[in-house]
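Please open the model in your viewer and keep the selection panel at hand. The tour goes from one selection to the next.

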Amino acid sequence: MTLQEYQEQAMTTCMPTSENFSYMMLNLVGEVGEFASKVAKAIRKGNMCIDDKMQLEYIGGNGIPIELKKEAGDILWQLSGLCTVMGWNLEDVAEMNLEKLASRQERGKIDGSGGQ
């Protein structure tokens with residue numbers, strides 16, 4: 001499946017009242033927050049930890065990886081929706097991002113201080 005196919009199919013599940021910038025942008029932030037909250041709760045409960053290299057380690061599990069994967073899917077849906085209401089093709093956005101990163105890498109600015 002391409003990103004374009006995903007975007008088109010995902011938006012068939014969008015309610016008309018959600019087809020606007022405010023909903024898509026605000027709920028995207030909310031979905032990212034839900035992802036972070038699940039990680040935080042798993043850490044609090046001792047089911048996950050972040051090691052000294054900032055890598056996640058699943059200790060107890062309890063379905064945490066699949067729950068995070070579901071949240072990542074919700075984030076993708078919201079990003080697709082935001083791109084749709086902005087009139088952007090998600091695949092074009094992804095390609096533009098890869099081009100920007102490649103340019104930064106070529107210029108030795110991959111750490112994010114490379115401007116455009």
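Select helix α1 together with α3 and α4 (90-106), which are included in what covers the buried residues of α1 (cover here rests on contact, meaning heavy atoms within 4.5 Å, and helices are DSSP runs of H or I with at least four residues, numbered from the N terminus). Within α1, the residues to colour are Tyr6, Gln7 and Ala10, which are buried, that is, under 20% relative accessible area with a 1.4 Å probe and protein chains only. Because they cover an arc of only 100 degrees around the axis, they are on the same side of α1 (the arc is that of the directions from the helix axis to the C-beta atoms).

This is a predicted model, in which local features need pLDDT of at least 70 and side-chain atom pairs count only at pLDDT 80 or more, while totals for chains, interfaces and linings use all residues. Residues are numbered from 1 along each chain as its sequence is written, and side-chain values use heavy atoms, without hydrogens and water.

Next, select Tyr6, Ala10, Met11, Cys14, Met24, Leu28, Trp77 and Leu82, the eight residues of the largest nonpolar core (a set of buried Ala, Val, Leu, Ile, Met, Phe, Trp, Tyr and Cys residues joined through side-chain atoms within 4.5 Å). At least two residues of this core come from each of α1 (3-10), α2 (21-44) and α3. Centre on Cys14, which, leaving aside neighbours within four places in sequence, is in contact with Glu19, Met24 and Trp77. Then move to a second, separate core of five residues, among them Val39, Met48, Ile64 and Leu68.

Finally, select Met86, which lies in helix α3 (residues 64-86) and counts as partly exposed because its relative accessibility is 36%.

Note on methods:
Buried < 20%, exposed > 50% of the residue type's maximum accessible area, 1.4 Å probe, protein only.
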